[in-house]
Structures are given as structure tokens and as C-alpha cells.
Amino acid sequence: MPGIAGRFSTVVKAKVSKLLDKAEDPAETLDYSYQKQLESLQNVKKGIADVVTAKKRLQMQSDKLEQQVVKLDTQARQALSQGREDLARTALERKQFAQTELQTLDQQVVELEQQQQGLIDKEQKLRTKLEQFRTKKEVIKAQYSAAEAQVKISEAATGVGEEMADVGLAMQRAVDKTEGMRARASAMDELEAAGAFDDNLTLTEGQDDIDRQLSELTSGSQVEDDLAKMKAELGQGSAPSPALEEGAPAADQPQQSQGGQA
Amino acid sequence: MIVRIATEDQYRLPDEDAERLNALDNDAVAAVEADDEDRFHAIFEEMLQLVRTDGHRLGDDELEESDVIIPPPDLSFSEAHHEFNGEGLIPD
């Protein structure tokens, strides 16, 4: 049957018939086929383990990012109280970026969770089908002549072969997704290492490039909002920088220099 | 007829559904050709729902070959370009 994924079942059939063509002894073919199926079950187990590993990695990354968000917020505050608005802005840009990444990561963890569950279900199903195939093959071996057996084997093997191919496809898709996430996680590690603040609030090497990337990635207005809020909290409404927001509420002005205001 | 939703399950459907499925498949091909992603996803979703609601899930102990295999539910639009082209479920 052509069209919509028809070639998928064609591939399965081609594989099965190739196997049968080579076989002189149907009983042997059946045993061989069953052996292959057991191997593919092992592969599914390995696939599940890979997904779990990837998920753990992402969860660790997510924890690290959460700490990063808190740290950057603190650093922005420190920078601002020392009159370093430039540093504060950079810290907030990074915080913004980290928060966006955090959302993506959390969503990916959920996705991997679903992948994992899907593969576990698939493994169970394949296991049951293999058991069925094993029973059938013993019946075929015991009851049919070689010629008749060929037909029966073909039927059973195609059914189970299709299931194996489908599990293979499910695994491939899970692996592809996992790979993509892994690459992203590595990129995050590099970005963090290259552009991290050290504890003395100075930037490490390679900052220019990272800062440019960050500025492009983060939404400027959110950073400005954060900055304004932080300034208000720190009571810096009249700090020397001309870039300060003009509409700051009077309550946020430093009190000690203004005698007569209620 | 037996329909598999790839990476999901196999279902046994009444033979009458073949025509509806084929019509949806043709629509899906047309949507892909027109590069209409939203429309494609709507049609593809309808196709999956038809199989899931009208069909009976095959037992895990049934070893059956599918008459039709529908691509995985999480198919992306770029993947759809490879799957939904040319002849439909039932060749004209």
C-alpha cells in the first residue's frame, strides 16, 4: 500500500521475506527471529536508560540555573548599591536569560518524562507480543510441514516485526529529541563558564562576546523594569546617572536631604 | 482493517472508515502542498482522532500486520513533507 507511511510496512515485509529466503529450515528461522526480537527488547531497555540519564542531566542543569538566577539578582543589587549600573544591567540581562532558559529546560524535562513513559509502555507491549510469538513458533514447529510453515511464519513474523520496527521508531524519535536537548545543555554550560561573574563582581574573560549575545537574546524592557524596581528598592531615585527613570515616586527619594516634604 | 498509529498503537477499524481516512489523507497532502501548516495539523489531528475513537485497540497478544500505518502523532510539519505526498491510502 503506497502513500502515507506505506513504505514503512513495506520495509518490514522486505526484511521478513529476506530472512525467510535465506532460511532452509523454518524452525531455525523461527528461533533466529525470536533471538533477534529478544535483542531488540534489550535495545529498548538501553533506550529508556538513555532517556533517564538525559532527564537527570537536564534536572541538574535546571537546579544550577535556579541558583544562578538568585545569585545574579543579588549581584545586580550589589552592583547598583555601589553605583555600578552597567554591571547591574549586565547581571540582570543574564538573569533574564537564565530565567528564559529555565522555562525551556523545565518544559524539556516534562517532555522527556513523557518519552520515558511511552517507551516503558512500548517495551511492555513488545514483551507480550514476543511471548505470543514464542508460543506460536513452538506450535508452528510442531504442527506444520516446511512448506506450510513458511506461510505461518511469515504472518507471525510480520506482525511482530512491525511492532519491533515501531518500537525502533519510537526509540529513534526519543533519542533524536534527547540529543537535541543534550547539545543545548552543553551550550548552556559553555555560556555559563565563559560569561560568569566571579565573586568579586568582575567579569571573566570573553565577556564582550557573551554580553553581545545576551543583549540580543534578552528582552531589554524587562531588564529596564527590573533595574528600575531595584533602584526604587535601594532608594536610588536621585542617583547621578542620567539614565534613571524620571517618574520615580517621591517616596523613593532619599529622605535625609529634603527637610520640608511631608 | 487494521491501522497503526506509529509509535502509539494498532487499532481495528470498520472497513467503511477507509474512505474517510483516505479523504482526510488527501486533504493532508493538499495542505502540505499548499504549505499550510495550521491546516495540516488540524487535519492530521482529525485523522488520529478518527482512528482512536472509531477503532478498537488491538490486544498486546495479537500479532497482526497493519493495512495502514499513520505517522507518529508528534510529526513535525517538515517531516510531514516526506510522509504526506503522492498517492493516498487507497491508490486511485
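Here is a walk through some strands of chain B, a charged patch on its surface, and one residue of chain A. Keep in mind that this is a predicted model.

Let's start with strand 1 of chain B, residues 2-5. Its neighbour on one side of the story is strand 2 of chain B: the two pair in the antiparallel sense, over 4 bridges. If you want a landmark for that pairing, look at B:Ile2, which stands opposite B:Arg12 in strand 2 of chain B. The two strands make a hairpin, with 3 residues between them. While you're at the turn, check B:Thr7, where phi is positive at about 65 degrees.

Strand 1 of chain B has another partner to look at. It runs parallel to strand 4 of chain B (residues 68-70), and 3 bridges join the two. Here B:Ile5 has B:Ile70 as its bridge partner.

Now for the side chains. In a regular strand they alternate between the two faces of the sheet. So which residues of strand 1 of chain B lie on each side, and are they buried? B:Ile2 and B:Arg4 sit on one side, B:Val3 and B:Ile5 on the other, and all of them are buried. In other words, both faces of this strand are covered, an arginine included among the buried residues.

Back to strand 2 of chain B, which also pairs with strand 3 of chain B (residues 56-57). That pairing is antiparallel and has 2 bridges. Within it, B:Tyr11 is the bridge partner of B:Arg57 in strand 3 of chain B.

Follow the chain on from strand 2 and you come to the loop that leads to helix 1 of chain B (17-33), and that's where B:Glu16 sits. Is B:Glu16 buried or exposed? With a relative accessible area of 61%, B:Glu16 counts as exposed, because the cut-off for that is over 50%. B:Glu16 also has company: together with B:Asp15, B:Asp54 and B:Asp67, it belongs to a patch of negative charge on the surface.

Finally, hop over to chain A and find A:Asp225 in helix 6, residues 220-234. A:Asp225 is partly exposed, as its relative accessible area is 46%. A:Asp225 and A:Leu92 are 133 residues apart in sequence, yet their C-alpha atoms are 10.0 Å apart in space.

Terms used
Residues are numbered from 1 along each chain as its sequence is written. Chains are lettered from A and ligands numbered from 1 in the order in which they are written. This is a predicted model: local features need pLDDT of at least 70, side-chain atom pairs count only at pLDDT 80 or more; totals for chains, interfaces and linings use all residues. Side-chain values use heavy atoms; hydrogens and water are left out. Patches are made of residues with over 30% relative accessible area and no salt bridge: like charges are joined within 9 Å, nonpolar side chains (Val, Leu, Ile, Met, Phe, Trp, Tyr) within 5 Å. Accessible areas come from the Shrake-Rupley method with a 1.4 Å probe; for residues, only the protein chains shown count as cover. A salt bridge is a side-chain nitrogen of Lys or Arg within 4 Å of a carboxyl oxygen of Asp or Glu. Lys and Arg count as positive and Asp and Glu as negative; His and the chain ends are not counted. The place of a charge is taken as NZ of Lys, CZ of Arg, CG of Asp or CD of Glu. Buried means under 20% relative accessible area, exposed over 50%, partly exposed in between (1.4 Å probe, protein chains only). Two strands pair if DSSP finds at least two bridges between them.
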